[in-house]
Amino acid sequence: MDMNLLEQQLSQLPLYAYGFIDPKELEFSDRIRHICRTECAMYGKTWACPPAVGEVSECAEKCLAYKSCLLIGTITEVQDIGDISQTLSTRPAHEAVTNQVRDLLREQGVQPYILSTEACDICARCAYLDGLPCRMPGKMHPCVESHGINLIPTLERMGLEFYYGSNIVTWYSLLFFNA
Ligand code: SF4
């Protein structure tokens, strides 16, 4: 894998930050899963969310099967971060850049396992609700938190944050791969 080429390509994308980490550095926590279960309206609604993604231990096993992980982040300023529609309107651009990075990895013959943001909304109604298999398993990305990952310690080690100011929306994705 040509890391120099990849980094050159990454530097041309609208990323606020990116970095390579060892998946073993990530913190997998049942506490995060508890938050999904008790506070997220999307729990049990899509293939990209718990419990469909499996137990936290299974998710960790899946991620730790990879030797490397590329963390990417975007930030976008909105007029009012308290307006959830404004916040979510910044998500498609982040998902698009996540898919661009996925394609860069695929061009180098690498098939990444991707965790991104929020629940999958590719289909108007997720097949999970009808007991059917995911219609686009190659395109959907479970969210980082769905796998029980507490990203904050990793961000701190990288000198990054979730919060950059009152009206700044921050999104992160993780792309696990074996070079
Ligand atoms: S691609 Fe469709 S079926 Fe698959 S998780 Fe997303 S919404 Fe559900």
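## A walk through the fold, starting at V144

Let's start with one residue, V144: setting aside anything within four places in sequence, V144 is in contact with L115, I149, L151, Y172 and L174. Keep in mind as you look around that this is a predicted model. V144 also belongs to a bigger group. The largest nonpolar core has 31 residues, and L70, L71, V144, L174 and L175 are the ones that touch the most other members. Where do the residues of this core come from? At least two each are supplied by α2 (30–39), α3 (56–64), β3 (68–77), β4 (113–115) and β6 (168–177). The largest share is that of β6, which puts in 6 residues.

Now step back to the whole chain. You'll find 6 helices and 6 strands in it. Read from the N terminus, the order of the elements is α-β-β-α-α-β-α-α-β-β-α-β. The chain's radius of gyration is 16 Å, close to the 16 Å that the globule rule gives for 179 residues, so the chain is as compact as a globular protein of that length. If you put a box around the C-alpha atoms along the principal axes, that box would be roughly 45 × 40 × 30 Å. Of the 179 residues in the chain, 31% are buried. And here's something about how the chain folds back on itself: take the contacts between residues at least 6 apart in sequence, and 78% of them join residues at least 24 apart.

Next, the strands. A good one to follow is β6, which is mostly covered, with 7 of its 10 residues buried. Which way do β3 and β6 run when they pair? They are antiparallel, and 10 bridges link them. You can pick out individual partners along this pairing: I72 stands opposite S173 in β6, and T76 has V169 of β6 as its bridge partner. Strand β4 pairs with β6 too, through 3 bridges and again in the antiparallel sense. There, Y113 is matched with F176 in β6. Going back to β3, you'll see that β1 (residues 17–21) pairs with it as well, antiparallel and over 5 bridges. One pair to look for is F20 and its bridge partner in β3, L70. You've met L70 before, among the core residues that touch the most other members.

There is a ligand in the model as well. Which residues come nearest to the ligand? Of the 13 around it, those are W47, C120, C123, C126 and C134. Sorted by class, the shell around the ligand holds 11 nonpolar residues, 1 polar and 1 charged.

The loops have a couple of backbone details worth a look. Most residues other than glycine have a negative phi, and most peptide bonds are trans. With that in mind, look at P50 and P51: the peptide bond joining them is cis, with omega about 0 degrees. P51 lies in the loop between α2 and α3. Then there's E118, which is not a glycine but has a positive phi, near 55 degrees. You'll find E118 in the loop between β4 and β5 (149–150). Is E118 buried or exposed? E118 has 21 other C-beta atoms within 10 Å, so it is buried.

Finally, compare two helix residues. C59 is placed in helix α3. Why does C59 count as buried? Because it has 20 C-beta neighbours inside 10 Å, and 20 or more is what it takes to be called buried. Apart from its neighbours within four places in sequence, C59 is in contact with F28, V53, G54, H147 and G148. I149 is 90 residues away from C59 along the chain, yet their C-alpha atoms are separated by 9.2 Å. You've seen I149 already, as one of the contacts of V144.

The other residue is Q86, in helix α4 (residues 84–89). Q86 has 15 other C-beta atoms within 10 Å, so it is partly exposed. Not counting residues up to four places away in sequence, Q86 touches V78, Q79 and D80. Q86 and V169 are 83 residues apart in sequence, with 9.3 Å between their C-alpha atoms in space. That brings us back to β6, where V169 is the bridge partner of T76.

Definitions and conventions: Residues are numbered from 1 along each chain as its sequence is written. This is a predicted model: local features need pLDDT of at least 70, side-chain atom pairs count only at pLDDT 80 or more; totals for chains, interfaces and linings use all residues. Helices (H or I, at least four residues) and strands (E, at least two) are DSSP runs, numbered from the N terminus. The radius of gyration is taken over C-alpha atoms; the globule rule is 2.2 Å times the number of residues to the power 0.38. A residue is buried if 20 or more other C-beta atoms lie within 10 Å of its own, exposed if 12 or fewer, and partly exposed in between; C-beta atoms are placed from the backbone. Two residues are in contact if their C-beta atoms, placed from the backbone, lie within 7 Å. A residue is near a molecule or strand if its C-beta atom, placed from the backbone, lies within 6 Å of it. Ala, Val, Leu, Ile, Met, Phe, Trp, Tyr, Cys and Pro count as nonpolar, Asp, Glu, Lys and Arg as charged, and the others, Gly among them, as polar. A nonpolar core is a set of buried Ala, Val, Leu, Ile, Met, Phe, Trp, Tyr and Cys residues joined through C-beta atoms within 7 Å. Two strands pair if DSSP finds at least two bridges between them.
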